[in-house]
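Reader: I have a protein model open beside its sequence, and I would like to learn how to read it feature by feature. Could you take me through it slowly?

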Amino acid sequence: MEHNVSHEMAESLVKEISSTEVRAACVVVGKNVCLGNDGLSPKFFLEYWDDITDAFIAALQEVFHLGRMPIEWNEGMIYLIPKVEGVVDDIKKWRPITILNTIYKVYAKLLAIRLDPFLPHIIHKNQTGFIQERSIFDNIFMFWEMIAIAQETKQELTILLLDFEKAYDRVDWNFLYEVMGRLGLPSDYVKAVFALYNSTSSRVLVGGALGNNFPITRSVRQGCPLAPYLFLFVGEAFSAFLYKNKSSIKGI
C-alpha cells in the first residue's frame, strides 16, 4: 500500500495558507450553513473579510504548523437525525451528525481542497466514492454487467456485499495516522489534519438542550468536510489487504 508522493503534491499540501484559498473555503462552507457553538456563519467572515483576513489566516496557519486547535473551535454538537420517517424508538435507527464551528469547517475544507486533485493518484481505481472523475454508480453498472455476463456464459456468480456498521464512528486515529503515512502523505500535512482531532469534544443536542461535554477518542466526524477523504484512506487499507492476497481470492 506504500506510495511515493510527488514533489509537486508534497509542496502543494504543506504550502503557506493563502487568502484566496481561505476565502474559497468560506464560500463553499457557506453553501450549507448550520451554525456551531460559536454562532458565527461563513457569511460573517466574508462580510468582514477585509477587517479580519490577516488575523484569521494567521490563526489558521498557526493551527496548521502546531497540529493543534483551540478547544473551543474543536467542540461539536451531535444532532440525531432519523434514518427513516416517523417516530423510531431504536437508537440504531438514528444517524448522528456533528454540527461544527465555522472556523473548524473552513480549516477542514481548506485541507480537503488541497487534497482533492491528488486523490486519484493515491486511492486505487476500485474506490469510486468522493473522487474526481469517478462515480459510485460505476459499482452499480459493474454489478449489472457481471450478472449479464454470468447469464450469457452460464457461469455461477456469487456477489458479496459488506457494510461497515457505524463506519465513521469506529475509525481508530492511530490506524488512520499510520495509513496516511504509508500512503506517502507529508508528515506536516498529516499533523495539520490531526489538529482536527486533538482535544476533540462534543455535546449531544436533544430537544434544543445541550448535554454535558465529553471527549472524543476515535471516529471521523459526520459533518466534517474532510471526513469522507479520511474514510477513503481507511477503505484503501482494507482494499490493500485484498490486493495483497489476490492469488487466494478470485473475482472481479
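Author: We will go from the whole chain to helix packing, then to cysteines, single residues and the backbone. Please keep in mind throughout that this is a predicted model.

Reader: Where should a beginner start, and how many helices and strands does the chain have?

Author: A sensible start is the list of secondary structure elements, which here comes to 11 helices and 5 strands. The C-alpha atoms fill a box of roughly 70 × 55 × 30 Å, taken along the principal axes, and of the 252 residues in the chain, 39% count as buried. One can also ask how the contacts are spread along the sequence: among those between residues at least 6 apart, 71% join residues at least 24 apart.

Reader: When two helices touch, what describes the way they pack?

Author: Two packed helices are described by the angle between their axes and the distance between the axes. In this structure, helix H2, residues 19-29, packs against helix H4, residues 49-66, at an angle of about 100°, and their axes lie 10 Å apart. Angles from 65 to 115 degrees count as roughly perpendicular, and H2 and H4 are therefore roughly perpendicular to each other. On the H2 side the contact is made by Ser19, Val22, Arg23 and Cys26, and on the H4 side by Trp49, Thr53, Phe56, Ile57 and Leu60. Sorted by class, this contact of H2 with H4 has 6 nonpolar, 2 polar and 1 charged residues.

Reader: What are the angle and the axis distance for helix H9 and helix H11?

Author: Helix H9, residues 173-182, and helix H11, residues 227-244, pack at about 80°, with 9 Å between their axes, and that makes H9 roughly perpendicular to H11. The residues that meet are Phe175, Leu176, Val179 and Met180 from H9, and Leu230, Phe233, Val234 and Ala237 from H11. By class, the contact of H9 with H11 has 8 nonpolar residues, with no polar and no charged ones.

Reader: Cys26 appeared in the list for H2. How far away is the nearest cysteine sulfur?

Author: To decide on a disulfide, one looks at the distance between two cysteine sulfur atoms, which must be within 2.5 Å. For Cys26 the nearest cysteine sulfur belongs to Cys224 and is 15 Å away, so by that cut-off Cys26 is in no disulfide. For the structure the count comes to 0 disulfides. Cys26 counts as buried because its relative accessibility is 0%, and Cys224 is buried too, with a relative accessible area of 4%.

Reader: Is Ala24, which is found in helix H2, buried or partly exposed?

Author: Ala24 counts as partly exposed, because its relative accessibility is 35%. Ala24 also shows how sequence and space can be read side by side, since Ala24 and Val106 are 82 residues apart in sequence and 9.0 Å apart in space, C-alpha to C-alpha. Now take Arg182, in helix H9, where the C-alpha atoms of Arg182 and Glu165 are separated by 25 Å although the two residues are 17 apart along the chain.

Reader: How do I read a polar contact, and which side chain does Ser239 join?

Author: The idea is to look for a nitrogen or oxygen atom paired with another, and to note the distance. Ser239, placed in helix H11, has its side chain joined to that of Gln127 by a polar contact of 2.8 Å, and Ser239 is buried, with a relative accessible area of 13%. A second case is Ser202 in strand E3, residues 201-206, whose side chain has a polar contact of 3.4 Å with that of Arg221. Ser202 counts as buried at 1% relative accessibility, and the residues it touches include Gly76, Ile78, Thr98 and Phe214.

Reader: Which residue in the loop between helix H7 and helix H8 should I look at for its backbone?

Author: Look at Glu133, which is found in that loop and has a positive phi of about 65° although it is not a glycine. Ser219, in the loop between strand E5 and H11, likewise has a positive phi, of about 95°, and is not a glycine.

Reader: Are Glu133 and Ser219 buried or exposed?

Author: Glu133 is exposed, with a relative accessible area of 85%, whereas Ser219 counts as buried at 10% relative accessibility.

Notes: Residues are numbered from 1 along each chain as its sequence is written. Side-chain values use heavy atoms; hydrogens and water are left out. Axes are lines fitted to C-alpha atoms, for helices over the stretch in contact, and angles run from 0 to 180 degrees between N-to-C directions. Helices (H or I, at least four residues) and strands (E, at least two) are DSSP runs, numbered from the N terminus. Angles under 35 degrees count as roughly parallel, over 145 as roughly antiparallel, 65 to 115 as roughly perpendicular and the rest as oblique. Contact means heavy atoms within 4.5 Å. Ala, Val, Leu, Ile, Met, Phe, Trp, Tyr, Cys and Pro count as nonpolar, Asp, Glu, Lys and Arg as charged, and the others, Gly among them, as polar. Buried means under 20% relative accessible area, exposed over 50%, partly exposed in between (1.4 Å probe, protein chains only). A polar contact is a pair of N or O atoms within 3.5 Å; within protein, one must be able to donate a hydrogen and the other to accept it, and residues adjacent in sequence count only if both atoms are side-chain atoms. Lists of a residue's contacts leave out its neighbours within four places in sequence.
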